[in-house]
Amino acid sequence: DRVYHIVAESPEDASGWFNVLSRVHSATAQQLREMQDEQANPKNAVGTLDVGLIDSVCASDNPDRPNSFVIITANRVIHCNSDTPEEMHHWISLLQKPKGESKVDGQEFLVRGWLHKEVQSSNKMSSLKMKKRWFVLTNTALDYYKSSERTAAKLGTLVLNSLCSVVQPDERVFKDTG
């Protein structure tokens, strides 16, 4: 009962949409199911990323690329762009909590990711070194591991209770070291 006038961003996009809509319009129910299966087939993907390998996802602060974010894994940093800030935040929230992966050792986590921890060096000198550690924050503790692998041994736990506090770092130290 209605006519829709649709405008694409380019002649190529318009042709692509017209071809797909024509196929869908003339397809049987079985052909529609096959088209849907074809689109969902991982063999047709340009690339894949196991969401379980994602260490962190965050917005990019590059002013030349608005609505951009990065996906960080142990081996790669993937730069992504979206059309709107809402779309960017939607992707970030979806990717920050991998499906079926919001628990560690049976306890739900709030945040997890790589941080550098100051550690006393093994020699008698009082120098400090920075060690990269995988941190997992739950409601009751901040646990840290040598790696993000599920089988990694826990190196330590900071129990979070009423005796703990979190304070802003010295401003000069923060500017120098981040």
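**Exercise 1. Gln31**

Task: Classify Gln31 of this predicted model by exposure, and find the polar partner of its side chain.

Solution.
- Step 1. Gln31 has a relative accessible area of 37%. Partly exposed covers the range between the 20% limit for buried and the 50% limit for exposed, so Gln31 is partly exposed.
- Step 2. Place the residue. Gln31 sits in helix 2, which spans residues 29-40.
- Step 3. Look for the contact. A polar atom of the Gln31 side chain lies 2.8 Å from the backbone nitrogen of Thr28.

**Exercise 2. The fold in outline**

Task: How many helices and strands does the protein chain have, and in what order do the elements run?

Solution.
- Step 1. Count the elements. The protein chain has 4 helices and 8 strands.
- Step 2. Read from the N terminus. The order is α-α-β-β-β-α-β-β-β-β-β-α.
- Step 3. Add the burial total. Of the 178 residues in the protein chain, 21% are buried.

**Exercise 3. The salt bridge**

Task: Which residues form the salt bridge, and where do they lie?

Solution.
- Step 1. The structure contains 1 salt bridge.
- Step 2. Name the pair. The side chains of Lys154 and Asp143 meet at 3.7 Å, N to O. The cut-off is 4 Å, so the pair qualifies as a salt bridge.
- Step 3. Locate both ends. Lys154 is in strand 8 (residues 154-159) and Asp143 is in strand 7, 11 residues apart. The pair therefore links distant parts of the chain. Strand 7 covers residues 141-145.
- Step 4. Check exposure. Lys154 is partly exposed, at a relative accessible area of 41%. Asp143 has 7% relative accessibility, and the limit for buried is 20%, so Asp143 is buried.
- Step 5. Look for a further partner of Asp143. The side chain of Asp143 also makes a polar contact with the side chain of Thr157, at 2.9 Å.

**Exercise 4. Two surface patches**

Task: Which residues make up the negative patch and which make up the nonpolar one?

Solution.
- Step 1. Take the charged group. Glu9, Glu12, Asp13, Asp83 and Glu87 form a patch of negative charge on the surface.
- Step 2. Test one member. Glu87 belongs to helix 3, residues 85-96. Its relative accessible area is 32%, so Glu87 is partly exposed. Patch members need over 30%, so Glu87 passes.
- Step 3. Take the nonpolar group. Tyr4, Ile6, Trp17 and Leu21 make a surface patch of about 540 Å².
- Step 4. Test one member again. Ile6 lies in the segment before helix 1 (11-26). At a relative accessible area of 70%, Ile6 is exposed.

**Exercise 5. Two loop residues**

Task: Are Asn67 and Lys146 buried or exposed? Give the loop of each residue too.

Solution.
- Step 1. Start with Asn67. Its loop runs between strand 1 (54-59) and strand 2 (68-73).
- Step 2. Compare with the cut-off. Asn67 has 18% relative accessibility, and buried means under 20%, so Asn67 counts as buried.
- Step 3. Inspect the backbone. Asn67 is not a glycine, yet its phi is positive, at about 60 degrees.
- Step 4. Turn to Lys146. This residue lies in the loop between strand 7 and strand 8.
- Step 5. Apply the other limit. Lys146 has 59% relative accessibility, and exposed means over 50%, so Lys146 counts as exposed.
- Step 6. Find the C-alpha separation. Lys146 and Lys131 are 15 residues apart along the chain, and their C-alpha atoms are separated by 8.9 Å.

Note on methods
Residues numbered from 1 in each chain as written. Predicted model: local features only at pLDDT ≥ 70, side-chain atom pairs only at ≥ 80, totals over all residues. Heavy atoms only, no water. Patch = residues over 30% accessible without salt bridge, like charges linked within 9 Å, V, L, I, M, F, W, Y side chains within 5 Å. Areas by Shrake-Rupley, 256 points an atom, 1.4 Å probe, with all protein chains shown as cover. Lys, Arg positive; Asp, Glu negative; His and termini not counted. Charge placed at Lys NZ, Arg CZ, Asp CG, Glu CD. Buried < 20%, exposed > 50% of the residue type's maximum accessible area, 1.4 Å probe, protein only. Polar contact = N/O pair within 3.5 Å; in protein donor to acceptor, adjacent residues only side chain to side chain.
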